[in-house]
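Here's a quick tour of the model below, taken topic by topic. Have it open while you read.

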Amino acid sequence: MSPQLSSLSSLCRRKQVAQLGWSTLRYCWSGSSNTCVRQFSNGAEPASWSPNLPKSVRIVEVGPRDGLQNEPKRIETAQKLELIRRLAESGLKTVEATAFVSPKWVPQMSDHQEIMKHLMAAIEGSNADISFPALVPNLKGMEAAVETGVREVAIFASASEAFSKKNINCSIEESLDRFKPVLSCAKSNGIKVRGYVSCVIGCPYEGRVSEESVAKLSKQLIDLGCYEISLGDTIGVGSPGSVSRMIRRVQQDVQTDKLAVHFHDTYGQALANILTSIQLGVAVVDSSVAGLGGCPYAKGATGNVATEDVLYMLEDLNVETGVDLGQVLQAGQYICKELGKENGSRAARALLTKAEKGGAESEKSASAGTDAQMIKKLVLNN
């Protein structure tokens with residue numbers, strides 16, 4: 001086992017105990033599957049919290065693109081590729097890698113061609129079950145992406161007229177006209193297209209956004225050829241009530257298996273909104289490692305919901321993701337160190353704090369002290 005994986009196993013071997021009244025829940029290391037799992041103290045398998053929950057959820061990791069695009073500190077190409085590698089090795093099947101946008105407006109994404117060429121070369125000739133989508137704003141961006149061999153792209157439109165004009169300088173209908181040649185190019189080259197709908201709950205310029213507008217735009221994007229629509233609460237103003245109403249309305253026009261959700265955590269409602277969404281049948285969730293992100297055109301919007309927090313919740317709900325929480329935690333620590341900022345994931349901070357405290361207590365014995373040092377060195381400082 002590599003030093004990096006050894007550090008993760010050490011972290012997960014440390015039992016993190018929380019009293020739940022009727023039962024004790026703890027983290028333990030499952031050697032057979034090399035995953036971080038929860039067990040009940042009586043040894044029983046945890047039952048699904050709700051009969052309405054999906055058996056599994058696909059996590060779409062947006063950290064390398066949506067998470068980094070608004071960071072003021074320049075992240076080098078090699079550092080971005082290392083982050084993507086770590087995320088891919090955690091079991092994530094979709095990692096949004098970059099954006100083919102103007103360096104003038106989003107300088108952090110100026111290395112998009114180098115990033116995508118490297119990733120496409122890495123999976124060339126393989127049947128690897130992993131996708132590295134790139135965001136494209138128009139046909140020019142699409143053509144540049146095609147040159148790199150990209151297999152999947154994402155386009156974005158806003159359910160708010162005001163936000164659309166501020167963000168991409170055109171109306172909603174004009175944005176759809178721009179995307180028609182993009183979809184045509186994608187179809188000609190066998191490239192999948194995912195659609196983002198932003199401001200599905202509220203807009204920083206015009207306030208509340210109607211469910212009708214969100215449903216109409218979602219269907220239009222499906223009709224254009226998008227295989228999936230990610231419903232984004234761009235400024236994080238939604239709560240379970242408004243999210244439920246919005247999703248139920250969209251489901252009248254778009255099949256649920258073509259929907260995903262994308263929440264920002266401005267008001268601390270992101271996890272509650274995700275739970276509401278998956279109870280309504282949505283089985284694809286966007287998230288960002290370490291809670292990185294924000295929107296340069298939506299002042300006050302905080303980062304995306306943290307991937308670590310989403311995984312922590314879904315594990316407790318017995319919903320499968322195929323993603324190793326420990327490895328995502330390590331990836332989050334890596335990029336936060338490069339950015340010089342604190343990890344935005346509450347779950348990550350709590351687990352790392354417990355590991356650090358446990359290491360300090362264990363230093364009373366030589367063998368445990370060695371283990372604690374390894375945790376601190378390879379997990380906390382890696």
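Helices here are DSSP runs of H or I with at least four residues, numbered from the N terminus. By that count, Arg85 and Glu89 both sit in helix 3 (residues 77-89), 4 residues apart, or about one turn of the helix. Keep in mind that this is a predicted model. We'll come back to that pair after a look at the core.

**The nonpolar core**
- The largest nonpolar core has 105 residues, and the ones touching the most other members are Phe132, Ile155, Val197, Val214, Leu231, Ile278 and Leu314.
- Helix 12 (residues 325-339) is the top contributor to this core, giving 8 residues.
- Domain 2 (58-334) and domain 3 (345-381) each put at least three residues into this core.
- Want to zoom in on one member? Setting aside residues up to four places away in sequence, Phe132 touches Ile84, Val95, Ala97, Met116, Leu119, Met120, Ile123, Val150 and Glu152.

**Helix 6 and its surroundings**
- Which residues of helix 6 (residues 161-168) are buried? They are Phe163, Ser164 and Ile168.
- These residues span an arc of only 100° around the axis, so they end up on the same side of helix 6.
- An α-helix has 3.6 residues a turn, so residues three or four places apart point the same way.
- The packing partners of helix 6's buried residues are strand 8 (152-158), helix 7 (172-188), strand 9 (192-198) and strand 10 (202-203).
- At the start of helix 6, Ser160 brings a side-chain oxygen to within 3.4 Å of the backbone nitrogen of Ala162.
- Just past the other end, Asn169 follows helix 6 with a positive phi of about 60°.

**Salt bridges**
- How many salt bridges turn up in a search of the whole structure? The count is 17.
- Back to helix 3: Arg85 and Glu89 form a salt bridge, with their closest N and O atoms 2.8 Å apart.
- Both partners are partly exposed: Arg85 has a relative accessible area of 35%, and Glu89 comes in at 48%.
- Asp265 pairs with Arg346 in another salt bridge, where the closest N and O atoms are 3.2 Å apart.
- That pair ties together distant parts of the chain, 81 residues apart: Asp265 is in the loop between strand 13 (259-263) and helix 10 (270-279), while Arg346 belongs to helix 13 (residues 346-362).
- Are the two partners buried or exposed? Asp265 counts as buried at 19% relative accessibility, because the cut-off for buried is under 20%, whereas Arg346 is exposed at 53%.
- Glu342 and Arg349 also meet through their side chains, at 3.8 Å from N to O.
- In this bridge Glu342 is exposed, with 62% relative accessibility, and Arg349 is partly exposed, with 30%.
- Arg58, Arg194, Glu228 and Asp286 go beyond a single pair and are linked in a network of salt bridges.

**A buried serine after helix 3**
- Ser90 lies in the loop that runs between helix 3 and strand 5 (94-95).
- Loop or not, Ser90 counts as buried, with just 3% relative accessibility.
- What does Ser90 contact, leaving aside its neighbours within four places in sequence? Its partners are Gly322, Val323, Asp324, Gln327 and Val328.

Note on methods:
Residues are numbered from 1 along each chain as its sequence is written. This is a predicted model: local features need pLDDT of at least 70, side-chain atom pairs count only at pLDDT 80 or more; totals for chains, interfaces and linings use all residues. Side-chain values use heavy atoms; hydrogens and water are left out. A nonpolar core is a set of buried Ala, Val, Leu, Ile, Met, Phe, Trp, Tyr and Cys residues joined through side-chain atoms within 4.5 Å. Buried means under 20% relative accessible area, exposed over 50%, partly exposed in between (1.4 Å probe, protein chains only). Helices (H or I, at least four residues) and strands (E, at least two) are DSSP runs, numbered from the N terminus. Domain bounds come from an automatic or database domain assignment. Contact means heavy atoms within 4.5 Å. The arc is that of the directions from the helix axis to the C-beta atoms. A polar contact is a pair of N or O atoms within 3.5 Å; within protein, one must be able to donate a hydrogen and the other to accept it, and residues adjacent in sequence count only if both atoms are side-chain atoms. A salt bridge is a side-chain nitrogen of Lys or Arg within 4 Å of a carboxyl oxygen of Asp or Glu.
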